[in-house]
Amino acid sequence: MVQASESDIINIGGVLNDSARPLKERFRALFTLKNIGGVTAIDQIHACFKDPSALLKHELAYCLGQMRDPAAISILTSVLEDLSQEPMVRHEAGEALGAIGDSSVIPLLEKYCKDPVPEVAETCELALNRLRWLESNGDAKNLQKNAYSTVDPAPPAETTDVSVLKDILLDEGESLFDRYRAMFSLRNLATTESILALTEVLTNRVPFLQKGLKAGSALFKHEIAFVLGQLQDEVSVPGLRTSLEDTEENEMVRHECAEALGSIATPECYEILNKYLNDSKRVVHESCVIALDMCDYENSAEFQYADTLAKLPAA
């Protein structure tokens, strides 16, 4: 955790909540608050849910989940229940409730497993499965052990056989929870073979197109893009590019592909992201803005994306 005084936290919250600030500054403020933690930081994040940017609000919910502080449960509950919030914001609130790991939210998640918005319903089902897995397994150690210091929505599968994991990953008949488990196992392996297996979820559309279907769960594909961003391997760039360039693809998927490209940060990624800076979907063009800032960070000498107070101008 970053050490900060109460006045520092309020000042950083002022940056986060100032809509006149560049979005990249507000994102850095948000991640600084996440790294600080505590009730005051949570209050500053809470205040920003009135913002019109779905991208920013979805990231607020993500950070509250990653903080794993029960003080955020009531905030996330109200976001999930607010039908005026965008689906990607409500979905992230559901995932964050699962990440905190408090079983008190099980009845709420059971209710929203029946939400008419597929991304919200699927997320709540995943979060519910995560909590039940925690109850059955006694502790969360297997959920926390990864090289990325993230709270994942599902534990990795027990097997490390890439061919087995790939079969589960691509099988629409498997439960989404088991497919997520396969995904995180493949991420943790971090080999070229495992990364190409992950990328295939974004590119393997033929079976769906033959049946006249969209290519699978948008929620699942967006999480695939997220883990490819964590892996930061150039081999995934073609698949991420293909999904970002597909204007028929769900904006949740396209936004996550943009941010993944920002993490990989090769010259090709710069070129792709600049091309979509003026995309007609707000969440996509804003993601490209943030992704380009991430590109700059990845190619700089900075230690962490938002690890010091000095990076943020005063509110």
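This section describes two annotated binding sites, the aromatic pairs and one further helix residue in a predicted model.

The first group of annotated positions comes from the UniProt record, where an unreviewed entry assigns the feature "binding site" to H58, E59, H91 and E92. These four positions are spread over 35 residues of sequence but cluster in space, with a largest C-alpha distance of 11.1 Å. Within this group, H58 is found in helix α4. H58 counts as buried because its relative accessibility is 3%, and the cut-off for a buried residue is under 20%. When neighbours within four places in sequence are left aside, the contacts of H58 are M88, V89, E92, H255 and E256. E92 belongs to helix α6, which covers residues 87–100. E92 is likewise buried, with a relative accessible area of 4%. Beyond residues up to four places away in sequence, E92 touches H58, A61, Y62 and H222.

The UniProt annotation "binding site", again from an unreviewed entry, also covers H222, E223, H255 and E256. These positions span 35 residues in sequence, yet no two of their C-alpha atoms are more than 11.0 Å apart, so the four gather at one spot. Helix α14 contains H222, and E223 is also placed in helix α14. H222 is buried at 3% relative accessibility. For E223, the relative accessibility is 3%, and this residue counts as buried.

Contacts connect the two annotated groups. Apart from neighbours within four places in sequence, H222 is in contact with H91, E92, M252, V253 and E256; of these, H91 and E92 are named in the annotation that also lists H58 and E59. The side chains of H222 and H91 make a polar contact at 3.3 Å. In the other direction, the contacts of H58 include H255 and E256, both of which are covered by the annotation that lists H222 and E223. The contacts of E223, with residues up to four places away in sequence not counted, are E95, P153, Y180, M183 and F184.

The structure holds three aromatic pairs. One of them is formed by Y62 and F226 in an edge-to-face arrangement, with 6.0 Å from centre to centre and 65 degrees between the planes. This pair links distant parts of the chain, since Y62 lies in helix α4 (residues 54–67) and F226 in helix α14 (residues 218–231), 164 residues apart. Y62 counts as buried at 14% relative accessibility, whereas F226 counts as partly exposed at 22%. Y62 is also among the residues touched by E92. Elsewhere, ring pairs join Y180, F184 and F220 into a cluster. Two members of this cluster, Y180 and F184, are among the contacts of E223.

A further residue, S263, lies in helix α16, which runs over residues 251–264. S263 has a relative accessibility of 11% and therefore counts as buried. With residues up to four places away in sequence not counted, S263 touches G229, Q232, M294 and E298.

Notes:
Residues are numbered from 1 along each chain as its sequence is written. This is a predicted model: local features need pLDDT of at least 70, side-chain atom pairs count only at pLDDT 80 or more; totals for chains, interfaces and linings use all residues. Side-chain values use heavy atoms; hydrogens and water are left out. Helices (H or I, at least four residues) and strands (E, at least two) are DSSP runs, numbered from the N terminus. Buried means under 20% relative accessible area, exposed over 50%, partly exposed in between (1.4 Å probe, protein chains only). Contact means heavy atoms within 4.5 Å. Rings of Phe, Tyr and Trp (its six-membered ring) pair if their centres lie within 6.5 Å; planes under 30 degrees apart count as stacked, over 60 as edge-to-face and the rest as tilted. UniProt positions are given in the numbering used here, feature names are shortened, and annotations may be inferred rather than shown by experiment. A polar contact is a pair of N or O atoms within 3.5 Å; within protein, one must be able to donate a hydrogen and the other to accept it, and residues adjacent in sequence count only if both atoms are side-chain atoms.
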